[in-house]
Amino acid sequence: MKKYILFLFFILPVFAFPQNNKRQSKEIKEIKKFQQDLNKEYLDPKETPLRDDNFAKFKQHPFFPIDLKYRVIARFIKTENPQPFDLPTSSGKSKSYQEFGKATFELDGKSYTLTIYQSLDLMKMEKYKDHLFLPFHDETNNKETYGGGKYMDLKIPSGNTIVLDFNQSYQPFCAYNAYDYNCPIVPEENKLAVEIRAGVMYEDIYHH
């Protein structure tokens, strides 16, 4: 019996590690695809927010090194009977949203909560009816990332958890072109007192 237990003790990690590595490999592939798709979007003259010299000089985005520490499984609580509200934007106007729910997660042993929103306009479109919007601010803003904060696109979760992969966070369009775009301002409740060193980095070369 002891020999059998020892055999299991040594053999189980052999099976566990490849499965864990396979899972991580899948997650890293998803992040790399996000990076490739974002670069492709900005290089496409029909989709890019860049214009003139900024578009001509653009090669690719700078990204923080991929770090699965910043891919967290958050506890999700859906907001009951959400009320529409106007979210202020960078141009002084507003856009209509409703609170969809709150996501609570841990990072380096500390707990944080972010509010997730749903655009009332996108809800009406078949393509985006399951789209959720997460704007947030962290302590990399005004340093390695855009001062106005970062965004993350999410899908409506099926249960009481939601994956927040900050490696797939990005700067709003108005970070690159404040003349043509009107971007929601990050609400106070989504300002994190921590550095989120993941996703797209930013060089403030677009507004000079």
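This passage describes strand β5, the aromatic contacts and the two largest pockets of a predicted model. Because the model is predicted, local features require pLDDT of at least 70 and side-chain atom pairs count only at pLDDT 80 or more, whereas totals for chains, interfaces and linings use all residues. Residues are numbered from 1 along each chain as its sequence is written, and side-chain values use heavy atoms, with hydrogens and water left out.

Strand β5 spans residues 131-136, and six of its six residues are buried, so the strand is largely enclosed by the rest of the structure (buried means under 20% relative accessible area, with a 1.4 Å probe and protein chains only; strands are DSSP runs of E of at least two residues, and helices are runs of H or I of at least four, numbered from the N terminus). H131, F133 and P135 point one way from β5, while L132, L134 and F136 point the other way. The strand runs antiparallel to β6 (residues 150-155), to which six bridges join it, at least two DSSP bridges being required for two strands to pair; within this pairing, L132 stands opposite L154 of β6.

Aromatic pairs, defined by Phe, Tyr or Trp ring centres (the six-membered ring for Trp) within 6.5 Å, with planes under 30 degrees apart counted as stacked, over 60 as edge-to-face and the rest as tilted, number 14. In one of them, F136 and F166 meet edge-to-face, at 5.2 Å centre to centre and with 80° between the planes. Since F136 lies in β5 and F166 in the segment after β7 (161-165), this pair ties together parts that are 30 residues apart in sequence. F136 is buried at 0% relative accessibility, and F166 is likewise buried, at 1%. Ring pairs also link Y42, F58, Y146, F173, Y176, Y181 and Y202 into a cluster.

The largest pocket has a volume of about 1300 Å³ (a pocket is an open set of points on a 1 Å grid over the protein atoms alone, where a 1.4 Å probe fits, with protein on both sides within 12 Å along at least five of seven lines; lining residues have an atom within 4 Å of a point). Of its 36 lining residues, E41, Y128, H131, D153 and Y170 are the closest to its centre. The largest share of this lining, six residues, comes from α1. The second largest pocket holds about 180 Å³ of space, and F58, Q60, E203, I205 and Y206 are the closest to its centre among the 13 residues that line it.

Key. Buried < 20%, exposed > 50% of the residue type's maximum accessible area, 1.4 Å probe, protein only. Points joined across faces, edges and corners; volume = space filled by probe spheres on them.
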